[in-house]
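Trainee: Could you take one part of this model and go through it closely, beginning with a charged pair and then following the connections and surroundings from there?

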Amino acid sequence: MSTTVPPESQAVVGQSRVGVWDDPRAKVRNPSDLIGVIGCGVSIILVCLMVVYAHNTTAGITADVRSFAVLLQRILFVPVAVLDMIVILFPPVAIGIELLVRRHPMAALQGLIGAIGGILAGIVIVFLIRQMGPDSLVQGLSVRKGAVETLTIPTYVAAITALLTSVATPASRRSISWSWNLLWISVVVAVVTTADSLPGMAIALLAGRLMGYVARYAFGVASQRAYGQTLVDGVCRAGFSPVTLDRVGVDKARSKVVDRRGRQTPQFFLDHRLYVVRTMAAKTYNIIVLDGDRQVMSILTRGWRYLRSRAVEGRTALSLRQTAERSALLSYAVRSAGVATPAVLAIAEAEDSMLIIREATRPSVCFADLTPDQVTDDLVDEMWRQILSAHRCGIAHRALTPQCFRVAERAGAAVTTQPVNHADTASGADPRWVWVLGWESGDVASSQLARRIDLTQMIALIAALIGPARALASARRAVPEGELAELGPLMQIPAIPKPTRDRLEPAKEVLAGLRTELTKDHPSAPTQTDHLTRIGVRSVVMTILVTVAIIIVLTSFNLPQVVQALRESDWRWAVAAFVAGLVGYAGAAVSFLAFSPVKIPFWKAYLGQVASSFVALAAPAGIGPAAINLRLMTRRQVPTAVAAATAALTQVANVVVVVASLVVLTVATGSSQLLPFEFTPSALIAVLLVVVAVGVVMVVPRSRTWVLGRVTPLLHRTWPRLVELLSSPYRLAIGLGGNVVVLAAYITAFQWAVYAFGRDLPFLGVAMAYLIATSAGSIIPTPGGMGTIEVTEAATLASLGLNAGVAASIVLLFRLVTYWLRVPIGWVAYRWMTRHGEL
């Protein structure tokens, strides 16, 4: 084992000397500085957005501030230029002299680099705004100097702010405090006297803070943690007389906690500093040191766990003192429940650290280090007993792993690495022979879901060591059968901590097997997994869809034109066109049900087609319904390959109907020359890139082998299903008939949109216009066919003799009733189906 030996020092307690074996850090990287960088960057973007989109608000605030200019000129006896010079010269000189006198040259260098970074940040921001910013942003950040509008972001403010931020400490020096006061006075004067714009000054301050945080995080800040004499004084204030204080490290090669002599110590608080203290009374205790600079990460971790998992209740951010007090509360509550866990004996504060002094456990072995032969039924029963004792008092652990349990001596015999004979294990259990650690992440007065997840984690961690069969047998001995069956839906990846998942190979299959075994004797028990995650893939996809939908609506929906079209139309025909479009949903549902390999209620299939209207807003034409149909089948245990083949076949049937209708209408109208459709340059480039990519893939042997290796198995799995569907004339006819209904419904809606404006066109001409536009929308993959369909329909109607303005109004009305108005309805359907487990 290779370990790094920390240096040994001495601290004084009264007339005695205490041996301290520690690894102190003079500088640390504070995660709050990194959060400050992100926050300042986001704030700069928000200020720019306010200047562009809330120009009147920012202009009003600026005018209110400048209304004090007359009053300020009466009381200000120092010229503004002189005040700016004082602000520029005083902070660097005063802070530099103080740091050099106190022999902190690295802090002075850090401040200098931060100031230079602030200047560069200001220059870069000005350059980017001038070159890339919209005129409204440039105007909002400019001030009038004479007859010229000048863009002003004061770089000296950014430099001084960066300097003060980079050298600041929790116990700020007096020169830094005075420099901040001078800077704020200068900022107010500059804004009031119109020397700089209010948004520009805000951006300069934020840019300076950003670069100051960057310098602090890059170089580190002076550690405020308790080390050496300060740490020993804290232990003494807690009522102990230390003789030695040894830092505990982690042997990463063996994933164990070891002291300075390489001996494993029974401790579990690995996220913080650990010490073993030996007192004058020849007693040994463990000390957990919570550092203030790591508290930010604890808060963020807790927040992420709350957002990620439904099993974590929301909790306000805890201070360092509250965290230590809560740890003590959990320790007392758990021990009162009859669980063997180290007792918290005292809490003390030292510098920016909190000390938690706990009793040391007896010599023990981690449960994760035992072999299956060493794990007896009595051992796992005792583990179950202690967890259930905590549950009866309303306490949940939340993070049970094999490392949480330690097995100590029992009945005079220590746990060894030799195999244990199960028959030699005496009945009756010493409550102190199995220790349960890691309660720091737990909760008092926990929810039923949290306690059920604890039981799920218990089964998984025992199965990881001794196998699923013995794990389930132990669970049946400890947990009532009815309650055990309810754990099946929770046996899934998000509920199991990573250390346990790493021991389960493969984890997903093992958990699926456990879930099946838990529910097989209870037919009425739910078999589908519960949704344990608040933010998952589905939530992310939903957020992206909503964001894309909002962007598309804001950028492409021309409200004045739509309102004008509605005013000119007959609302009765518009309502009829909307109803005709709803009939198309029924045809799509019938077509899908005809090809589906499983029985799905018609109303659910219909609701799925309604939901596809929302998904289609962010997907090319035809992709939205296919995605919804695929999800409806896979939720009913249809293999993904078969579901994908069925969804593809449904789309192919739609294409066949559209092409056949085009051919029939072309013959019926006596014309074989369809209206010309010109590809845009971007579309031609996209098509050429796709053709080149496919050619390269098929020419290169390795890529061709890879593609064939992926496609061939898929064809082998789906071909029997395709043959089955194509060989059933009745279902095929129904599927094609459903697509005919869809086509007829949309053509009818288009025809009635024409009637809404008092025009009368031949049905075949309207049908041809719709089919050509639909084909064009399928060729160019824009979301919902937007742009392509509108232009093609308007051009086709104009070629039939309609005025271009009237044709555009008809198209706007048709797209409004068959596309835009159905988006919010589709969103409601999508949300309902998602909440009820249909998608």
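Mentor: Let us start with D377, which is partly exposed at a relative accessible area of 37%, the scale being buried under 20%, exposed over 50% and partly exposed in between, for a 1.4 Å probe and protein chains only. Bear in mind that this is a predicted model, in which local features need pLDDT of at least 70 and side-chain atom pairs pLDDT 80 or more, while totals for chains, interfaces and linings use all residues. Residues are numbered from 1 along each chain as its sequence is written, and side-chain values use heavy atoms, with hydrogens and water left out.

The partner of D377 is R470, and the two form a salt bridge whose closest N and O atoms are 3.3 Å apart; the term stands for a side-chain nitrogen of Lys or Arg within 4 Å of a carboxyl oxygen of Asp or Glu. This pair links distant parts of the chain, since D377 belongs to helix 13 (residues 377–392) and R470 to helix 15 (residues 468–478), with their positions 93 residues apart in sequence. Here helices are DSSP runs of H or I with at least four residues, strands are runs of E with at least two, and both are numbered from the N terminus. R470, at 26% relative accessibility, also counts as partly exposed, and salt bridges with shared partners join D377, D381, R470 and R477 into one network.

By the same cut-off the model has 14 salt bridges. One of them joins the side chains of D33 and R216, at 3.1 Å from N to O; because D33 lies in helix 1 (residues 31–53) and R216 in helix 9 (residues 198–219), the contact ties together parts that are 183 residues apart in sequence. Both D33 and R216 are buried. Another pairs R335 with E359, at 3.0 Å from N to O, and it connects helix 12 (residues 320–336), where R335 sits, to strand 12 (residues 353–359), where E359 sits, across 24 residues of sequence. On either side of this bridge the exposure falls into separate categories, for R335 is partly exposed at 33%, whereas E359, at 18%, counts as buried.

Helix 12 also takes us to the interior. One cavity of 30 Å³ or more is found, a cavity being a set of points on a 1 Å grid over the protein atoms alone where a 1.4 Å probe fits but cannot get out, with lining residues having an atom within 4 Å of a point. The space in this largest cavity is about 50 Å³, counted as that filled by probe spheres on points joined across faces, edges and corners. Its lining consists of S327, L330, S331, T341, P342, R358, W439 and E440, and helix 12 supplies the largest share, three residues. Among the lining residues, L330 lies in helix 12 and is buried, with a relative accessibility of 1%. The C-alpha atom of L330 is 9.8 Å from that of A343, which is 13 residues away along the chain.

For a contrast at the surface, consider the nonpolar patch of about 790 Å² made by M106, L109, L112, I113, I116, I119, L120, I123 and F219, where helix 5 (residues 105–132) gives the largest share, eight residues. Such a patch joins nonpolar side chains (Val, Leu, Ile, Met, Phe, Trp, Tyr) within 5 Å, from residues with over 30% relative accessible area and no salt bridge, and the areas come from the Shrake-Rupley method with a 1.4 Å probe. I123, one of the residues in helix 5, is partly exposed at 48%.

How values were computed:
Patch = residues over 30% accessible without salt bridge, like charges linked within 9 Å, V, L, I, M, F, W, Y side chains within 5 Å. 1 Å grid on protein atoms, 1.4 Å probe; cavity = no way out; pocket = protein on both sides within 12 Å on 5 of 7 lines; lining within 4 Å.
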